[in-house]
Amino acid sequence: MEVHSCYSTTYYCIVNVSKCLISNQAKFPIVKERRLYSGLDVYSIKKKRTQRLTITALKGFDSVDSSLLSESYNSDIIDGKVGTQDVIGSAKSVPKVIVPSLPDETKADSVAVVDSCLWEWKPKLKVHYEKSGCQNVNSAPILFLPGFGVGSFHYEKQLKDLGCDHRIWALDFLGQGKSLPCEDPTLQSKRLDESERDGNNAVWGFGDEAEPWAKELVYSVDLWRDQVRYFIEEVIKEPVYIVGNSLGGYVALYLAAYYPQLVKGVTLLNATPFWGFLPNPVRSPRLSRLFPWAGTFPLPDTIRKLTELVWQKISAPESIAEVLKQVYADHTTKVDKVFSSILEVTEHPAAAASLASILFAPRGQLSFKEALTGCRMNNVPVCLMYGKEDPWVMPFWALQVKRQLPEAPYYQISPAGHCPHDEVPEIVNFLLRGWIKNIESHSSVALPLLDSPESIEYDIVRDLEFVRQGMKKSVRVQFYGSMTSQWERLGMFLKSRFQYGVYSP
């Protein structure tokens with residue numbers, strides 16, 4: 001027998017059995033009486049002041065409210081054995097929620113058309129971006145910001161799916177993706193002979209002097225914040241929902257803290273909680289003077305030699321493949337397009353010097369924690385969607401955000417790694433659509449997986465099922481409520497396994 005209970009304002013019991021001989025009582029959370037048809041039996045759960053519940057089988061009870069069958073259920077799991085005295089807590093199965101598949105790309109009408117564009121922000125600084133869904137003029141606009149080392153191509157599955165009912169933009173940060181400079185930011189070194197300057201193996205950024213347009217150029221988080229700000233103001237021209245993965249999550253929060261009037265909400269996809277190593281010159285002017293070079297062009301000789309050694313290693317195809325293997329939990333996920341796109345970027349003559357500028361650029365004026373505080377003070381809605389199996393941004397970091405923003409919805413997806421939007425786009429797109437509906441309706445529409453707006457206070461576990469390439473796939477999503485402390489979560493976890501003297505892994 002499987003009994004599914006809930007941590008919601010209304011609790012449910014769903015029982016699936018072929019034969020059942022239950023006459024005993026077992027301890028459950030206090031619940032309200034509800035009845036559900038299981039296909040063979042209906043069980044009623046009666047509320048007791050002693051927190052003991054009687055489960056009674058009602059044979060042949062076919063007249064059941066059909067609305068109960070179509071409801072989605074907030075679920076934690078309690079497994080019991082037929083005919084025994086105990087019902088043991090575990091987490092083996094939960095009610096499934098069917099999630100729409102991605103559009104069928106063989107049918108042109110079902111997939112949003114994606115356009116590749118260039119926007120010249122400043123002289124010689126052209127920003128590449130992709131867009132879809134421009135015809136959805138009354139829909140909420142969404143801007144996607146990529147992680148480190150990738151670009152707008154990493155959001156192809158969002159552009160083609162969400163673009164069917166939203167206006168979508170995906171941006172390449174300057175110095176990454178296809179937003180690398182179109183010419184050398186430095187005057188070519190006199191030490192290079194003519195063949196090296198004109199050859200195919202020439203690299204940019206290692207000259208003797210910066211070009212006038214690149215004298216202040218540093219690929220820093222401050223530059224990316226300003227880039228996104230002006231992109232919203234000049235291209236999108238209205239406030240947007242921003243979705244950021246890894247580095248993109250940091251930039252999204254950073255922008256929202258400074259310019260909340262441009263942001264309708266922020267969704268974090270395994271956002272990196274820190275960025276940059278050197279002190280910020282505005283925040284720490286004295287300390288920053290101790291570092292004579294901080295990501296500007298040209299690169300000093302010592303940095304150039306170090307960059308050449310590091311770049312030779314990390315730009316190798318086998319190194320790229322190994323990184324992708326680390327950050328994707330499900331190794332059956334097809335990453336061929338992502339791999340080839342990253343490899344194409346590494347072949348750009350400015351790629352190596354741009355990496356050095358990024359790594360040695362100063363930190364932002366706000367830390368990740370301070371940016372979160374800024375969003376909270378300015379009432380910017382924030383939502384978290386994190387892959388549980390991320391080897392870099394582990395669940396600990398998401399829980400830290402949740403602790404600072406207890407009202408922010410937090411969906412933990414498993415199995416999924418550092419890039420849940422590409423690994424399980426069906427889930428991320430489903431949750432994102434639902435979260436935006438919740439915000440746009442001023443919470444009159446419940447958050448995804450919740451039965452009512454009040455359910456946001458409680459932890460919930462669901463199995464989400466979808467079809468990909470004709471095969472059923474399933475992931476588990478845990479929603480972290482606003483009223484449950486970290487200690488309470490730990491207590492519930494241990495209690496479910498040890499309360500009855502049985503440990504069930």
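Is helix 10 (residues 351-360) mostly covered or mostly uncovered, and how many of its residues are buried? I put this to the model, which is a predicted one, and found that helix 10 is mostly covered, with 8 of its 10 residues counted as buried.

I then listed the buried residues of helix 10, and they are A351, A352, A353, S354, L355, A356, S357 and I358. Looking for what lies over these residues, I noted that the cover includes helix 4 (221-236), helix 7 (301-314) and helix 9 (336-346).

Next I turned to P381, which I located in the loop between helix 11 (368-377) and strand 18 (382-387). Is P381 buried or exposed? I entered P381 as partly exposed, because its relative accessibility is 24%, and the class in question runs from the 20% limit for buried to the 50% limit for exposed.

I also checked what P381 meets in space: leaving aside its neighbours within four places in sequence, P381 is in contact with K264, G265, V266, W435 and I439. For one of these partners, G265, I looked up the backbone separation as well, and the C-alpha atoms of P381 and G265 are 4.7 Å from each other, although the two residues are 116 residues apart along the chain.

Last, I recorded the chain as a whole, which has 15 helices and 21 strands, and in which 53% of the 505 residues count as buried. Among the contacts with a separation of 6 or more, 70% are between residues 24 or more positions apart. For the accessible surface of the chain I wrote down about 24,000 Å², with 55% of that belonging to carbon and sulfur atoms.

Note on methods: Residues numbered from 1 in each chain as written. Predicted model: local features only at pLDDT ≥ 70, side-chain atom pairs only at ≥ 80, totals over all residues. Heavy atoms only, no water. Buried < 20%, exposed > 50% of the residue type's maximum accessible area, 1.4 Å probe, protein only. Helix = DSSP H or I, 4+ residues; strand = E, 2+ residues; numbered from the N terminus. Contact = heavy atoms within 4.5 Å. Areas by Shrake-Rupley, 256 points an atom, 1.4 Å probe, with all protein chains shown as cover.
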